[in-house]
Amino acid sequence: DNQLIFNPGLKENRDYICTVVKDIVSRYDIDGLHIDDYFYPYPNGTRFDDEATFRQYGNGFTDLGDWRRFNVNLLIEQLYKTIHDTKPWVKFGVSPFGIYHNAKNGGVPGSNTNGLQNYDDLYADVLYWINRGWVDYNVPQIYWEIGHKAADYDTLIRWWSGLKTRTPLYIGQDVDRTMKAGQLAQKMIEEREAKRVDGHIFWPAGELLRNNGHVADSLRRIWHRYPALTPPLSKAYTDRPDAVQNLRIAQTDGATRLVWDIAPQDPRTPRKTPMRYVVYRFPLGERRDISRASMIVAITGEPSFQLRDSDLELPYTYVVTAVDRYHNESKPCKPLKLDGRTRYINFRGK
């Protein structure tokens, strides 16, 4: 079908893919590397001829399907190790097809669905990768509508969120289908009520940019009104970076800014180096709870934040936290209180 397919049964192909990935991770300052659901080709009537490879590199398997899944497992494990050996903070995620396996077919766990299957048709044993810790997050493509006869959104989100795993689960949502069905609110509520759903990813990004069905307006005004921090993604590294110090106000280039100092960094622990800073603003006298996203006024890569004149006219308390490569957040710094009258209190920590 005019496609060039890398046969996963050949070690040199798996090595080549990982060489490309290592080059990307090494040369670019990326936060993660994400792959879609292309493992073995989608069954479209064209025969994928890998029987000769199976005979030569069968590894003792007698079933072609089991052998193909074995090959994909090898690739996923090698990708995970390649990425983390190169830069441990870079995350590896996968967007598998939305149906793992149809329960009616038996053999392995499955959902009450009647569609194409990861396990059987693409030879992608996603549950095995999750259980082995080879992916940092999972984004099943649950692109169908609530009430779909073959692949009901409700059925699938309950199935995926019912898995007992520590791997973060983000729901892949098809913007066009969701908006045409008028189901954005229903889906967002269900995702937030599900026990093990950690977030969602909208596909494709272009539909958000063109505001299909006013989806971007709805997200901005209702569902994502406030900034959000990326949740910590590492199960192995949970140390917090050190808190910032000496939060104060300074006049620079004619602007009034919040500025702060970074704690001295130990070159032996580069993982704790701050990469971003979160500025929180609380009404004066209110409890300073940094779990409240509505209190975030900025997430910045610079150790300063420009204040508007209006920010100085009301009584606020500011605190700042540091976030490392693993998205671990520090404790808040000593607060800076502005009373709205004398402009600021606690200047330089006094």
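**Notebook: salt bridges, a sheet and a surface patch**

I began by searching the whole structure for salt bridges, and the search finds 17 of them. I note at once that I am working with a predicted model, so each entry below describes that model.

**Entry on confidence.** I looked up the confidence before going further: the chain averages a pLDDT of 92, and 96% of the residues score at least 70. The stretch I marked for caution is residues 344-350, where the pLDDT is below 50, although in the model this stretch has 18 contacts beyond near neighbours in sequence.

**Entry on the whole chain.** I recorded 10 helices and 12 strands in the chain, and a C-alpha trace that spans about 80 × 50 × 35 Å along its principal axes. Of the 350 residues, 46% count as buried, while the accessible surface comes to about 18900 Å², with 49% of it belonging to carbon and sulfur atoms. I also looked at how contacts are spread along the sequence: among contacts with a separation of 6 or more, residues 24 or more positions apart account for 67%.

**Entry on Asp31 and Arg276.** Returning to the salt bridges, I reminded myself that side chains of opposite charge can pair when their charged atoms come close. I then found the side chains of Asp31 and Arg276 meeting in a salt bridge, at 3.6 Å from N to O. Asp31 lies in the loop between helix 1 and strand 1 whereas Arg276 lies in strand 8, so this pair ties together parts that are 245 residues apart in sequence. I checked the exposure of both partners: Asp31 counts as partly exposed at 40% relative accessibility, and Arg276 also counts as partly exposed, at 31%.

**Entry on Arg69 and Asp66.** Next I looked up a pair within one helix, where Arg69 forms a salt bridge with Asp66 and the closest N and O atoms are 2.8 Å apart. Both residues lie in helix 3 (residues 64-86), 3 residues apart, which is about one turn of the helix. Arg69 counts as buried at 10% relative accessibility, because the cut-off for that word is under 20%, whereas Asp66 counts as partly exposed at 34%.

**Entry on Asp311 and Arg308.** I found a further salt bridge between the side chains of Asp311 and Arg308, at 3.2 Å from N to O. Here Asp311 is buried, with a relative accessible area of 3%, and Arg308 is exposed, with 52%. I also noted that salt bridges with shared partners join Arg47, Asp49 and Glu51 into one network.

**Entry on Tyr277.** I turned to strand 8 (residues 276-283), in which Tyr277 has its place, and asked myself whether Tyr277 is buried or exposed. Tyr277 turns out to be buried, with a relative accessible area of 3%. Leaving aside residues up to four places away in sequence, I listed what Tyr277 touches, including Val244, Trp260, Ile262, Ile299, Pro303 and Val320. I also looked up the spacing between Tyr277 and Ser330, which are 53 residues apart along the chain and have C-alpha atoms separated by 9.4 Å.

**Entry on Lys195.** For a contrast in exposure I looked up Lys195, which is found in the loop between helix 8 (184-193) and strand 5 (199-203). Lys195 counts as exposed at 82% relative accessibility. The C-alpha atoms of Lys195 and Gly162 are separated by 7.9 Å, with their positions 33 residues apart along the chain.

**Entry on a sheet.** I traced an open sheet formed by 3 strands, in the order 1-2-3 and with parallel pairing. Strand 1 (32-35) and strand 3 (137-138) are the edge strands, each of them pairing on one side only. Between strand 1 and strand 2 (residues 91-94) I found parallel pairing over 4 bridges, and among the partners I noted that Gly32 is bridged to Lys91 in strand 2.

**Entry on a surface patch.** Last, I asked which residues make a nonpolar surface patch of about 600 Å². The patch is made by Leu4, Phe6, Tyr16, Val20, Ile24 and Tyr28. I looked more closely at Tyr16, which has its place in helix 1 (residues 11-27) and is partly exposed, with a relative accessible area of 47%.

Technical notes: Residues are numbered from 1 along each chain as its sequence is written. Side-chain values use heavy atoms; hydrogens and water are left out. Patches are made of residues with over 30% relative accessible area and no salt bridge: like charges are joined within 9 Å, nonpolar side chains (Val, Leu, Ile, Met, Phe, Trp, Tyr) within 5 Å. Accessible areas come from the Shrake-Rupley method with a 1.4 Å probe; for residues, only the protein chains shown count as cover. A salt bridge is a side-chain nitrogen of Lys or Arg within 4 Å of a carboxyl oxygen of Asp or Glu. Helices (H or I, at least four residues) and strands (E, at least two) are DSSP runs, numbered from the N terminus. Buried means under 20% relative accessible area, exposed over 50%, partly exposed in between (1.4 Å probe, protein chains only). pLDDT is the predictor's confidence in each residue, from 0 to 100. Contact means heavy atoms within 4.5 Å. Two strands pair if DSSP finds at least two bridges between them.
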